[in-house]
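I opened my notebook and looked up a few places in this structure. My entries follow the order in which I looked.

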Amino acid sequence: MKKLFAILLCIALCFATAALAACGGDTGDGGDASGLTKDNIKIGFVHITDPSDMGYTYNHDLGTQKMAQNIGLSDSQIINKFNIPEGSECETAVRELVEAGCNIIVATSFGHADYMLTVAAEYPDIVFAHATGYHARFMGLDNYHNYFVDIFEARYLAGIAAGLKTETNKLGYVAAFPFAEVISGYTSFYLGAKSVNPDVTMEVMYANSWHDPATEAQVAQALIDRGADVISQHSDSTAPATTAEANGVWHVGYNADMIPAAPNASLVSARADWSIYLTMLVQDVLDGKDIPADWSEGLAANAVFLSPLNDAIVADGTAAAIDAAKAQIIGGFHVFSGHLKDNDGNNAKITTFEGDLIYEFTGPDSYFIESNEFSAPDFNPIIEGIFVMD
Amino acid sequence: MFDFLNPDNLMNFFVAAILAGTPLLFGTLGEILTEKSGNLNLGVQGMMFMGALGGFAGAYYYEQMAAQPVAVISVLIAVICAFLTAAFGAFLYSVLTISMRANQNVTGLALTIFGTGFANFFGEAISFAAGGYAAVSSETKTIFNTGIPGLADIPIIGKILFSYNFLVYFAILTAIILAWFLNRSRAGLNLRAVGESPATADAAGINVTRYKYLATVIGGGICGLGGLYIVMNSSNGVGGVWTFNLISYQGWIAVALVIFATWSPARALWGSLIFGALSVMRLYIPLGIPAQIYDMFPYIATIAVIIGVSMRRRRENHPPDSLGIAYFREER
């Protein structure tokens with residue numbers, strides 16, 4: 001009996017090995033950027049969650065699908081690695097994508113950077129792209145690129161809807177983590193609200209997670225308990241939207257149209273269209289063109305946009321105000337402009353992680369072009385009118 | 001700006017603490033009942049996930065199919081389905097550990113992984129079929145999020161005592177019933193005997209297998225109500241919209257809370273209030289310390305209780321004697 005079992009196990013293992021080898025294909029040594037056509041190119045994606053998060057990964061995956069449609073790729077040319085944590089599993093996933101013959105490998109979460117870099121250095125023929133990261137600018141690897149979108153422009157527009165709607169003149173913001181990507185996001189949201197409602201203030205509380213629905217709800221509830229009547233968020237779930245709805249206040253979303261989740265609260269959502277970058281990336285690789293080390297575009301390139309307004313509940317004139325501001329931004333208006341100050345009345349200063357000064361807002365003519373030279377956001381001072389509780 | 005000592009803020013804090021403590025209370029009560037039978041079921045997190053999915057799916061599909069859905073029926077279906085789905089998870093655990101005598105720790109951990117995957121898989125299927133977000137009707141959402149009509153509007157007292165959704169009162173009632181059952185009823189005493197020394201109970205003519213099965217399955221169902229609370233409540237959950245990975249840590253806190261409460265439903269009552277308060281404290285009473293420190297408080301408190309209990313050496317505060325050990329009748 002034992003012998004029979006051992007033989008069966010051996011046979012099963014042989015089959016498994018053969019099957020794995022077949023899956024791996026014949027390009028075990030990695031892809032080659034030359035001789036690529038849209039029929040044989042392969043693109044691998046590393047995602048921190050899967051599209052069922054209905055948040056960041058969902059939205060990014062929509063971009064992937066749209067890109068595949070734009071270029072005319074078949075499903076088999078896209079390999080997704082979902083639920084890859086920001087740890088050594090990421091390196092394994094990237095290596096598996098290399099083994100599978102991917103010519104382009106994209107990772108979408110901030111913490112994937114280090115693992116991707118290790119592999120990128122070993123495979124100069126494969127193109128690597130990483131969203132939200134900042135390494136491309138100084139690593140000097142020709143095949144490693146960073147990208148992001150100017151989501152702050154969309155948040156500025158979404159802030160207008162909030163600023164016009166609020167009755168208590170107090171906004172609340174459920175933020176994920178205290179670093180520049182998030183701070184840049186909520187500051188632009190606040191500036192948008194302030195552009196139409198000079199009396200508005202905003203309170204920010206951190207959930208300390210990208211996706212922790214119960215905590216996001218607790219944070220939203222605490223903000224509402226403090227008198228906020230429009231809640232916005234930089235986190236994945238719709239929990240802040242449903243919390244706002246249950247309390248009879250309003251909500252501005254992120255990543256997905258949240259109106260179906262909270263029809264009586266969700267005003268509008270700020271979204272990114274990742275297909276703009278992905279289509280350009282893949283097309284450039286096919287054409288043999290150089291790919292920018294850093295890429296971030298906004299409203300003008302349609303890389304960010306607003307989901308449809310919830311016409312039943314937005315304040316009168318919201319659509320017109322948003323359209324006007326959108327035209328201004330496309331026409332060259334900078335979101336982070338003017339004499340921005342901190343809560344003590346000092347000039348707002350953008351600094352690096354180490355504390356070196358990047359930019360100081362010294363007067364009414366000051367402006368900072370966010371995500372211009374480098375794709376990852378830099379804006380990190382807390383400006384007047386925003387109160388952060390941490 | 002944050003004048004956190006004003007009475008309104010403190011009242012909001014108290015309400016938020018009760019709301020945050022309730023799912024923990026369900027998990028803790030379910031696990032106390034389970035552990036009193038000598039079964040250490042570490043699958044609370046998984047059963048909460050299963051309860052959340054079952055309750056949500058029950059209410060959602062009823063509302064989709066009924067021509068004129070009635071919110072009260074929808075809520076009732078949600079409660080029953082949540083209980084049954086989680087009880088099914090506990091039943092699988094029982095078959096493996098009681099009938100097949102598998103290792104309880106491993107089976108419990110497997111149940112956590114299974115329940116998480118089960119709920120996320122079917123939850124995703126429901127959401128995709130709904131075209132993105134699957135949500136219950138706003139009438140159903142309202143029932144899970146409003147207090148007792150009339151009484152809740154009384155100033156101050158109404159907010160402190162009557163502003164909670166029915167699951168909060170149901171959880172408190174469950175704790176009282178469970179305390180009475182374990183201390184005052186014959187069946188409860190039999191169950192405790194099974195947990196302390198199954199061989200002795202067996203010799204006394206108590207059907208050990210039946211008690212273990214019933215306690216574990218009903219306990220699992222109670223844990224599932226904690227999941228239902230998280231999927232339906234909006235102040236401390238996802239407010240009736242299915243959300244990926246909606247339960248992040250509550251099941252594990254409940255396991256810690258069982259130890260904190262030293263297996264007593266009455267102590268679980270205020271224990272869950274304390275743990276709930278700790279989980280929202282940083283939002284209402286900022287002390288200027290990192291949030292991560294706040295997150296440690298419940299576990300530090302648990303460790304302190306374990307140390308305290310083992311130093312005092314009172315038998316009532318100890319875990320059931322046969323906890324974690326499968327019962328072999330032939331091994332007596």
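**Entry 1: a valine in chain A**

I started with V204(A), which lies in strand β7 of chain A, residues 201-206. I keep in mind that this is a predicted model. Is V204(A) buried or exposed? Its relative accessibility is 0%, so it counts as buried. The cut-off for buried is under 20%. Next I looked up V219(A), 15 residues away from V204(A) along the chain. The C-alpha atoms of the two valines are separated by 9.3 Å.

**Entry 2: cysteines**

I then searched for disulfides. A disulfide is a covalent bond between the sulfur atoms of two cysteines. How many does the structure hold over all chains? The count is zero. I checked C90(A) by itself, and it is in no disulfide. The nearest cysteine sulfur belongs to C102(A), 13 Å away. The sulfur atoms of a pair must be within 2.5 Å to count, so C90(A) and C102(A) do not qualify. I looked up burial for each cysteine. C90(A) has a relative accessible area of 0%, so it is buried. C102(A) is also buried, with a value of 0%.

**Entry 3: positive phi angles**

Here I looked at backbone angles. N255(A) is not a glycine, yet its phi is positive, about 75°. Where is N255(A) found? It sits in the loop between β9 (250-254) and β10 (266-272) of chain A. Its relative accessible area is 2%, so I noted N255(A) as buried.

In chain B I looked up W263(B). Its phi is near 60°, a positive value in a residue other than glycine. W263(B) is found in the loop between α11 (250-260) and α12 (265-284) of chain B. At 9% relative accessibility, W263(B) counts as buried.

I added R101(B) to this entry. R101(B) follows helix α3(B) and has a positive phi, near 55°.

**Entry 4: two helices by length**

R101(B) led me back to the helix before it. In chain B, α3 covers residues 71-99. Which span should its 29 residues have at 1.5 Å a residue? The expected span is 42 Å. The end C-alpha atoms of α3(B) are 40 Å apart, which agrees.

I did the same check on α10(B), residues 208-232. This helix has 25 residues. From first C-alpha to last, α10(B) reaches 36 Å, close to the 36 Å expected. I also checked how covered α10(B) is. It is mostly covered, since 20 of its 25 residues are buried.

**Entry 5: helices crossing α10(B)**

Two packed helices are described by the angle between their axes and the distance between the axes. I took α3(B) with α10(B) to begin. Their axes come within 6 Å and cross at roughly 140°. That angle makes α3(B) oblique to α10(B). The crossing is right-handed. What residues make up this contact, by class? I noted 18 nonpolar, seven polar and one charged.

Then I took α2(B), residues 44-65, with α10(B). These axes also come within 6 Å, and they cross at roughly 60°. That makes α2(B) oblique to α10(B). The crossing of α2(B) and α10(B) is right-handed.

Definitions and conventions: Residues numbered from 1 in each chain as written. Chains lettered and ligands numbered in written order. Predicted model: local features only at pLDDT ≥ 70, side-chain atom pairs only at ≥ 80, totals over all residues. Heavy atoms only, no water. Axes fitted to C-alpha atoms, helices over the stretch in contact; angles between N-to-C directions. Helix = DSSP H or I, 4+ residues; strand = E, 2+ residues; numbered from the N terminus. Parallel < 35°, antiparallel > 145°, perpendicular 65-115°, else oblique. Left-handed = near helix turned anticlockwise from the far one by under 90°. Nonpolar A, V, L, I, M, F, W, Y, C, P; charged D, E, K, R; others polar. Expected span 1.5 Å × (residues − 1). Buried < 20%, exposed > 50% of the residue type's maximum accessible area, 1.4 Å probe, protein only.
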